[in-house]
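Here is a short set of exercises on reading a protein model. Have a look at the picture, try each task yourself, and then compare your steps with the solution.

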Amino acid sequence: MSTRLNWLRAGVLGANDGIISTAGLVVGVAGATTDRPAILAAGVAGLLAGSMSMAAGEYVSVSSQRDSERAALEEERRELAEDPEAELQELTELLAARGLTRDVAREAAVQLTERDALRAHARVELGIEPDELANPWHAALASLVAFTVGALLPLLAIVLPEPSRRVPVTVAAVLLALTLCGWVSARLGEAPAPRAILRNVAGGALAMAVTYAVGTWMGSG
């Protein structure tokens, strides 16, 4: 459940990034020109660049994490082979530190070691589940999809309406979507929803206001 919640939280944050960055981009371009193909081209370029950047960044980050976990597991495997008694004592101490009595901790350590010493140390000492190491490809794909889904909302909202309604429709759609993202992220993190929603909406509104002002200024020049 914890792993699923982490992935869902990452998906919400990825979609949130897609919404804000693409909305800022297309609203800024819409401030400079009413040409639909130009706005669409800018939006699509921003969507592709952002989604690929998110995917690449997530792949590198999770790959580094998995490499570190593998290195830690290999070091633990070496220590178990070289000095199993010391590792048994270490596991006993770790279990005792979690509230078990010394005798119970020793018995538990012995049983866990007999069953699967590496798994026991990975879980108790390292906090790693050996069979569930993070997959960088899954992380990259999830980020790419989440960002793309989020970016599609402002992109469609800016190109579908008539020119006079593009910006108001986009702003309304984006602020509504950011409200939903803020609420979901707050629920997943068990945090106060109003504060999360306010931060989300304020950040998105500021991004669109700044880029629209700059776009309008450049378009008028």
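**Exercise 1.** Is Glu129 buried, partly exposed or exposed? Find its salt-bridge partner too.

*Solution.* Start with the cut-offs: buried means under 20% relative accessible area, exposed over 50%, and partly exposed in between (1.4 Å probe, protein chains only). Glu129 has a relative accessible area of 23%, so Glu129 is partly exposed. Next, look for a salt bridge, which is a side-chain nitrogen of Lys or Arg within 4 Å of a carboxyl oxygen of Asp or Glu. Arg123 pairs with Glu129 in this way, and their closest N and O atoms are 2.9 Å apart. Arg123 is partly exposed as well, at 44% relative accessibility. Finally, follow the shared partners: salt bridges link Asp116, Arg119, Arg123 and Glu129 into one network.

A word on the model: it is predicted, so local features need pLDDT of at least 70 and side-chain atom pairs count only at pLDDT 80 or more, while totals for chains, interfaces and linings use all residues. Residues are numbered from 1 along each chain as its sequence is written, and side-chain values use heavy atoms, leaving out hydrogens and water.

**Exercise 2.** How many residues does helix α2 have, and which span is expected for it?

*Solution.* Helices are DSSP runs (H or I, at least four residues), numbered from the N terminus. Helix α2 covers residues 36-82, which is 47 residues. The expected span is 1.5 Å times one less than the number of residues, giving 69 Å for α2. From first C-alpha to last, the helix reaches 68 Å, close to that expectation. At its start, a side-chain oxygen of Asp35 comes to within 3.2 Å of the backbone nitrogen of Ala38.

**Exercise 3.** Which residue forms a salt bridge with Glu74, and which with Glu75?

*Solution.* Recall the general idea first: side chains of opposite charge can pair when their charged atoms come close. Glu74 pairs with Arg77, with the closest N and O atoms 2.8 Å apart. Because Glu74 and Arg77 are 3 residues apart in helix α2, about one helical turn separates them. Glu75 pairs with Arg78, where the closest N and O atoms are 2.3 Å apart. Glu75 and Arg78 are also 3 residues apart in helix α2, about one helical turn. Now check accessibility: Glu74 is partly exposed at 46%, and Arg77 is partly exposed at 40%. To finish, a search of the whole structure finds 8 salt bridges.

Methods:
Helix = DSSP H or I, 4+ residues; strand = E, 2+ residues; numbered from the N terminus. Polar contact = N/O pair within 3.5 Å; in protein donor to acceptor, adjacent residues only side chain to side chain.
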